[in-house]
Amino acid sequence: MLIGEMLTKIMKEEMTIKELAKMYSVTTQTIQRKFKKLGYEWDNKKSIYKYTGKSPQPLDVDFSTLFRKTPTISKDLSHLKGKNKKKGIGRSSTSDVVDVLLAGTKPPSKRVYQGFYFDKDVLSIINSVPKNYKSELINEALRKVFKEKGLLK
């Protein structure tokens with residue numbers, strides 16, 4: 001559903017934030033945060049969302065695109081065995097560790113903090129995974145490249 005359609009339905013009281021939250025399987029706070037990130041603020045007096053962001057308004061944005069989609073590899077975990085199954089990590093011919101981490105299926109482990117600058121395109125991929133999986137994704141992606149270059153075994 002497009003943002004413009006949602007806002008109209010909310011304004012006409014044909015739809016509530018609670019109904020949207022149910023529709024997208026998230027909390028009402030998540031829905032409210034998504035609207036706020038798009039540049040909308042709730043006006044309690046008028047019971048409508050007012051646009052306070054930069055032009056143009058994102059009325060033609062599909063609301064479902066604002067939610068992280070789970071890659072299909074997370075659906076088939078039948079190839080996992082033993083300890084790896086508990087951690088949700090496994091390797092098969094169709095996916096590698098980076099794919100699994102992008103799917104958000106491995107718990108974070110303790111790391112040593114080190115800050116780096118990233119290019120915007122790379123950072124957008126890193127930011128697409130849950131916060132507690134970012135370091136794991138970066139470590140596995142670098143480990144994969146370093147192994148290919150013969151720097152790690």
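## Working around helix 3

Glycine 39, just after helix 3, takes a positive phi of about 105°. The model is predicted, so to speak of local features a pLDDT of at least 70 is needed, side-chain atom pairs count only at pLDDT 80 or more, and totals for chains, interfaces and linings use all residues. Residues are numbered from 1 along each chain as its sequence is written, and side-chain values use heavy atoms, leaving out hydrogens and water.

**Exercise 1.** Work out which residues of helix 3 are buried and which are exposed.

*Solution.* Start with the terms: helices are DSSP runs of H or I with at least four residues, strands are E runs of at least two, and both are numbered from the N terminus. Buried means under 20% relative accessible area and exposed over 50%, with partly exposed in between (1.4 Å probe, protein chains only).

Next, pick out Thr30, Ile31, Lys34 and Phe35 as the buried ones. They sit on the same side of helix 3 because they cover an arc of only 140° around the axis, taken from the directions from the helix axis to the C-beta atoms. Flip to the other side of helix 3 and you'll find Gln29, Lys36 and Lys37 exposed.

**Exercise 2.** Find what the buried residues of helix 3 pack against.

*Solution.* Look for contacts, meaning heavy atoms within 4.5 Å. The partners are helix 1, helix 2, strand 1 (40-43) and strand 2 (48-51). Then zoom in on phenylalanine 35: not counting residues up to four places away in sequence, Phe35 touches Ile3, Met6, Leu7, Ile10, Ile17, Leu20, Tyr40, Tyr49 and Phe63.
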